Amino acid sequence: MSPTFPRLLLDHAARRPSAPALREKDFGIWQTLTWSELAALVRAMACGLAEAGLQRGQHLVVIGENRPRLYAAMLATQALGAIPVPLYQDAAATEFVFPIGNAEVAFAIVEDQEQVDKMIEVRATCPQVAHIWYDDPRGLRNYSEPGLAPLDALVAAGRAWDEKHPGFFEAEVAKAKASDVAALFFTSGTTGNPKGVVHTHETLIDRAAAGARFDKLTADDEVLAYLPPAWIGQNIFSYAQWLVCGYIVNCPESAGTVTIDLKEIGPTYYFAPPSVFENLLTSVMIRMEDAGRPKRWLFDRAMALARRVGPALMDGKPVGALDRFRYALGKVLIYAPLRNTLGFSRVRVAYTAGEAIGPDLFTFYRSLGINLKQLYGSTETAVFVCLQPDNEARADTVGVPIEGVEIKVADSGEILIRSPGLLKEYYKNPAATAEVLSADGWYRTGDAGFMDAAGHLKIIDRAKDVGRLAGGANDGALFAPKYVENKLKFFPYIKQAVAFGDRREKVCAFINIDLQAVGNWAEKRNLPYGGYTDLSQKKEVCELIRDCVQKVNADLATDDKLAGGQISRFLILHKELDADDGELTRTAKVRRGFIGERYDVLVDALYSGKSEQFVETAVRFEDGRVGKVAATLKIVDAETFKPVGRAA
Amino acid sequence: MTARRSGEVVLEVQNISLRFGGVKALSDITFDVREHEIRAIIGPNGAGKSSMLNCINGVYQPQEGSISLRGKTFRHMNSRQVAEMGVARTFQNLALFKGMSVLDNIMTGRNLKMTTNIFQQAIRWGAAEREETAQRIVVERIIDFLEIQPYRKTPVGQLPYGLQKRVDLGRALAMEPTVLLLDEPMAGMNVEEKQDMSRFILDVNDEFGCTIVLIEHDMSVVMDISDRVVVLDYGKKIGDGSPEEVRNNPEVIKAYLGTAH
């Protein structure tokens, strides 16, 4: 019988019933759920859902953090041939309206009061939501909404129903085909409404298995699941690959305890976007700055050695005996304790994806002996397209195509992919499907890039964002905004950057400073400031950022293709770009077009040669209230450099 | 907010007068607290609010009057006896053990529930170990309830003030009280911390079924979360009733805002 997720579950439950499947830290203790317990839970939930009227092919939304019972809910839904739709738990209620309406969702299983409140709000526009079950009853005692019930009640009802309908669950699981739809993922989308990406059991399981073979994952691996389960990355790593390999998924106690839990679990297989690695490094660096002088000296010496020798050791290149000895000593004194503090003591394979990673950041982790690698993929490709082999990790490429994947580069520079993991379609959106999927099975990624000499894929930007300057000194020069923004973001002081330049005479940029890093920097210089807005407009901070911008310009000047796209003017924004204000996607990517429109006064000021500009912006707080931030922003000119051709 | 279940009188304060030498801190105060309500005591500085709480708590012995708890009247009872009757409190200026972890601080709230003696506990074997495990479960539920899991092992002195207040509340909850006395739970907090604390107080009232007596300066908080309010001024009761009634009471307005002479 071809594999589906519920069948994989039953298979694990039959073969290794007492092996741990999931762990969750609750009340200070890691509580284990074995495969057989999980199977029993899924069975009860599925029966309960069937009794409540969930039909084959219908959708059910799952909203919450990584919680064992929410994973069980997804499995139970799939067991009935219905389709789970995970949604981002930190999204506002209004953002749920489109997916719930689009997929005609009548059933919801959510984590807690916060999500229940949002679902009740959504009901005003989507009255078809008949059933809402919640995992955590806290604060919900006095709610009397129709159709609202605790998950415990669903499980209990399911058990009773199961007794009256023996064989029902098995029959339902047996009905499923691998080509049936397994899940619907809504992509955050930088423009317009989100699109529902339809994946089948086949596509997800095929890619999960291919990735597992590539990195030789086994049932002994451990994963910490702490990123939103609505993101396909987390879903693949802690759901699809979990069921394929049968390893252990650990759910942290709360969002605030992730670093503690990471250290306690010591995962062997780890996945995070670059921002997580960056935050970890920042926290280490800040603590080191506060450490005593001898410790700091030792740390600096050890890290300098690690940067020089570590990556070579990781890649299996020859290293002298003396350096090997020094590195071993460093390992005892610094690297091993540091890895332990970071929670990376046992990491065998770690991946970063979703955004470009800074070379310094990448090298830092590899030099500690952590096998950090990059991969390339997206929601539409079920993640695994290109992966870096163990000895070929590089900061500026995303790896080689893995088994099953074919890649070609279109004349426009866009990357096309053929793979068994491609989406079936966009839900109820044949026009969008036709736009990205050709009749002969090629998927248009929308990314611009090329294959380098070593056979690694290199991505420069979204194909549609790559533009050209018009008029001015660099007329017609190539401009890849994300490439420039990423180079800026590699500086610890810069959190976000937005570059403008397409069909304009020069490149200008908005900068978001990193409050923690710049705040610390200011404190060291006895520079007083009152909050984010004030700090961002300090003369000293403007100069600090100008140095960063000029370094980027000098770097760009050495690039054959992108030398014309240097930044000539920039300003530091008075507020942090925020997903709640629609300026970032939920995965923290800048929505350049939206930002350009929202701050059109500032864009005009950049291009009109003004030296400062007043701006007032509405901000949305987490509880939905709206406030205002106003400031007069300085506009700073940066030096640009003559292009220097690459050394022959 | 309106339809809270409040039942019969659990705590009755009758004609309490308290003097320190010639200073009259409280004179002839009478009010009651009903089961499951949130009862606020407000008043300007020096009105005698904390003294009132200290009388209920058994820290001060009033010269006149009596206090009855669930029909049991007492005049001379020490704070331990009051605690054994199910009354817990938090402190205005945080009497926490700064060097101890959050976990240990809350664990001290379980003191009265422990049956093993100090020698058994020192060896931590057999009954003492079993007991610690049982008590830890209760403490962990409180940590979960107050959402302070990330700070379980952090020394309390390193935490920001708002979190220390939460730990203080946690320690009081660890006694599994039926009546909870809160002495300015929101003093020195910013708006966000006040909102969090208000939510916790309402949740405690709801989930633990505690009756709450609360002293607070922030009028908006008092008006939002309490069912009935007692107003004190210079040791005298000048108002008693629903937040709405109290707000419109001319005596209260005078005490708070002053009047032109």
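**Helix packing, sheet order and chain contact in a predicted two-chain model**

Helix α19 (residues 539–557) of chain A lies across four strands, β24, β25, β26 and β28 (626–637), and runs at about 150 degrees to β26(A). Here helices (H or I, at least four residues) and strands (E, at least two) are DSSP runs numbered from the N terminus, and residues are in contact if their C-beta atoms, placed from the backbone, lie within 7 Å. Axes are lines fitted to C-alpha atoms, for helices over the stretch in contact, with angles from 0 to 180 degrees between N-to-C directions. The model is a predicted one, in which local features need pLDDT of at least 70 and side-chain atom pairs count only at pLDDT 80 or more, while totals for chains, interfaces and linings use all residues. Residues are numbered from 1 along each chain as its sequence is written, and chains are lettered from A and ligands numbered from 1 in the order in which they are written.

The sheet beneath α19(A) is a good place to start. It is an open sheet of five strands with mixed pairing, in the order β24-β25-β26-β28-β27 of chain A. The edges are taken by β24 (494–500) and β27 (612–620) of chain A, each with a single partner strand, so one side of each has no neighbour in the sheet. Ignoring direction, neighbouring strands of this sheet are turned by 30 degrees against each other on average. At one edge, β24(A) and strand β25 (residues 507–513) of chain A pair in the antiparallel sense over six bridges; strands count as paired if DSSP finds at least two bridges between them. Gln496(A) stands opposite Asn512(A) in β25(A).

Another helix also covers part of this sheet: α16(A) lies across β24, β25 and β26 (567–572) of chain A, at about 155 degrees to β24(A). Nine of the nine residues of α16(A) (residues 481–489) are buried, so this helix is largely enclosed by the rest of the structure. A residue is buried if 20 or more other C-beta atoms lie within 10 Å of its own, exposed if 12 or fewer, and partly exposed in between, with C-beta atoms placed from the backbone. Among the buried residues of α16(A) are Lys482(A), Glu485(A), Lys487(A) and Lys489(A), as well as Tyr483(A), Val484(A) and Leu488(A).

Elsewhere in chain A, two helix pairs deserve a closer look. The axes of α8 (residues 201–214) and α9 (residues 232–245) of chain A come within 9 Å and cross at roughly 80 degrees. That makes α8(A) roughly perpendicular to α9(A), a label for angles of 65 to 115 degrees, where those under 35 count as roughly parallel, those over 145 as roughly antiparallel and the rest as oblique. Residues of α8(A) including Leu204(A), Ile205(A) and Ala208(A) meet residues of α9(A) including Ile236(A), Ala240(A) and Val244(A). By class, the contact of α8(A) with α9(A) has nine nonpolar, two polar and no charged residues. Ala, Val, Leu, Ile, Met, Phe, Trp, Tyr, Cys and Pro count as nonpolar, Asp, Glu, Lys and Arg as charged, and the others, Gly among them, as polar.

For α12 (residues 293–314) and α14 (residues 359–367) of chain A, the axes come within 8 Å and cross at roughly 70 degrees. Helix α12(A) is therefore roughly perpendicular to α14(A). Ala306(A), Arg307(A), Gly310(A), Pro311(A) and Met314(A) of α12(A) make this contact with Thr363(A), Arg366(A) and Ser367(A) of α14(A). The residues divide into three nonpolar, three polar and two charged.

Two backbone conformations are also worth a look. Most residues other than glycine have a negative phi. Asn526(A), which is not a glycine, has a positive phi of about 55 degrees. This residue, Asn526(A), lies in the loop between α17 (515–524) and α18 (531–536) of chain A and counts as exposed, with 6 C-beta neighbours inside 10 Å. Asp28(B) likewise has a positive phi of about 55 degrees without being a glycine. Asp28(B) is placed in strand β2 (residues 23–34) of chain B and, with 14 C-beta neighbours inside 10 Å, counts as partly exposed.

As for the chains as wholes, chain A has 21 helices and 28 strands. Buried residues make up 47% of its 648 residues. Chain B has 10 helices and 10 strands, and 36% of its 261 residues count as buried. Nine residues of chain A are in contact with 10 residues of chain B. On the chain A side, these residues comprise two nonpolar, five polar and two charged.

Methods
Contact = placed C-beta atoms within 7 Å.
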